[in-house]
Amino acid sequence: MDFVAGWFGGAAGLLVGHPFDTIKVRLQTDFANKFKGGLHCLSHTVKQEGARALYKGMASPMFGMAFINAIIFGVHGTMMKFLQPQSELPKLTNSFLAGATAGGIQSMICCPMELVKSRMQVQDNATKSIGATQVMSSKAKGAYSSPLDVILKIYRKEGLMGLNRGMVATLCREIPAFGFYFSSYDLICQLMIGKDGRMADITPFQLCIAGGISGTTSWVVTYPIDVVKSRIQVDVHGRYRGMMDCFRATYHKSGVVEGFYKGITTTVSRAFPVNAVTFTVVALIHRYS
């Protein structure tokens, strides 16, 4: 049931959050400082490309994100049953370890899927390029016309290793992120119900609050690594030699705040509703199944 609940929770969260994710990726990979912020990027994207542009690349994660969430919640649930089979209220250390394990395992699928999504999202049909990325229009040679087209072109040029570009950065992001994700959710739920309460007593509204805060927490903690991952994955010209080189280059060019936290407002705005919906759907399926 953990896998089924995770699948439906992931699908619901994706529908809510993909437009925010498109803006986040465009801000993170805005090498030329074209956008002044999230609202500017949003208005520019809609004006130049239409509202449908906010859902670019969604075909790739639609099944993938639902499947990934099934893995995340399934692995987390399985690990929790192994770590503490009798206790109803989860211990936070166990929840962190179970979440970190789930994050590491799902990275194997998440990394190539996000690579495809990011390459699609940074295509700007109006300017034909975003900064140094130089992604061409769909009518020009080298453009990406669909997620499958992205996969085929990366594979032909770089092989299987190319489809796993950014794997180290993904692992460095996902392992701590999902540790904090689940442990913070369980902590907030336990604070809500008190010492003698039960998880089943939490209302849907409280589930939304706990899920939203936990998702926001995990993103704030790991956002700089996500910036590096995004830049590596859209780096079609090989400007970075690896994760540390990307860290150094980003810091020297833009500093800490502008370099590693650009787009975080959009990300936090996305994280709260997406994870509120995801955790609520998962919890209610468990409760009534």
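Here are three short exercises on the structure above, each with a worked solution.

This is a predicted model, in which local features need pLDDT of at least 70, side-chain atom pairs count only at pLDDT 80 or more, and totals for chains, interfaces and linings use all residues. Residues are numbered from 1 along each chain as its sequence is written, and side-chain values use heavy atoms, with hydrogens and water left out.

**Exercise 1: cysteines**

Find how many disulfides there are, and look at Cys41 and Cys172.

Step 1. Start with the rule: a disulfide is a pair of cysteine sulfur atoms within 2.5 Å.

Step 2. Applying this rule gives 0 disulfides. For Cys41, the nearest cysteine sulfur belongs to Cys246 and is 19 Å away. For Cys172, the nearest one is that of Cys111, 11 Å away.

Step 3. Now check accessibility, where buried means under 20% relative accessible area, exposed over 50%, and partly exposed in between (1.4 Å probe, protein chains only). Cys41 has 0% relative accessibility, so this residue counts as buried. Cys172 has a relative accessible area of 32% and is therefore partly exposed.

**Exercise 2: the nonpolar core**

Work out which residues touch the most other members of the largest nonpolar core, and which element gives the most to it.

Step 1. A nonpolar core is a set of buried Ala, Val, Leu, Ile, Met, Phe, Trp, Tyr and Cys residues joined through side-chain atoms within 4.5 Å.

Step 2. The largest core has 23 residues, and Ile72, Phe73, Phe182 and Tyr185 touch the most other members.

Step 3. Helices are DSSP runs (H or I, at least four residues), numbered from the N terminus. Two or more core residues come from each of α3 (59-83), α4 (92-121), α6 (167-193), α7 (204-233) and α9 (264-288). With 7 residues, α6 gives the most.

**Exercise 3: the cavity**

Describe the largest cavity by its volume and its lining.

Step 1. On a 1 Å grid over the protein atoms alone, a cavity is a set of points where a 1.4 Å probe fits but cannot get out; lining residues have an atom within 4 Å of a point. Grid points are joined across faces, edges and corners, and the volume is the space filled by probe spheres set on the points.

Step 2. There is 1 cavity of 30 Å³ or more, and the largest cavity has a volume of about 530 Å³.

Step 3. Its lining has 34 residues, with Met65, Glu114, Phe178, Trp219 and Arg270 nearest the centre. The largest share, 8 residues, comes from α1.

Note on methods:
1 Å grid on protein atoms, 1.4 Å probe; cavity = no way out; pocket = protein on both sides within 12 Å on 5 of 7 lines; lining within 4 Å.
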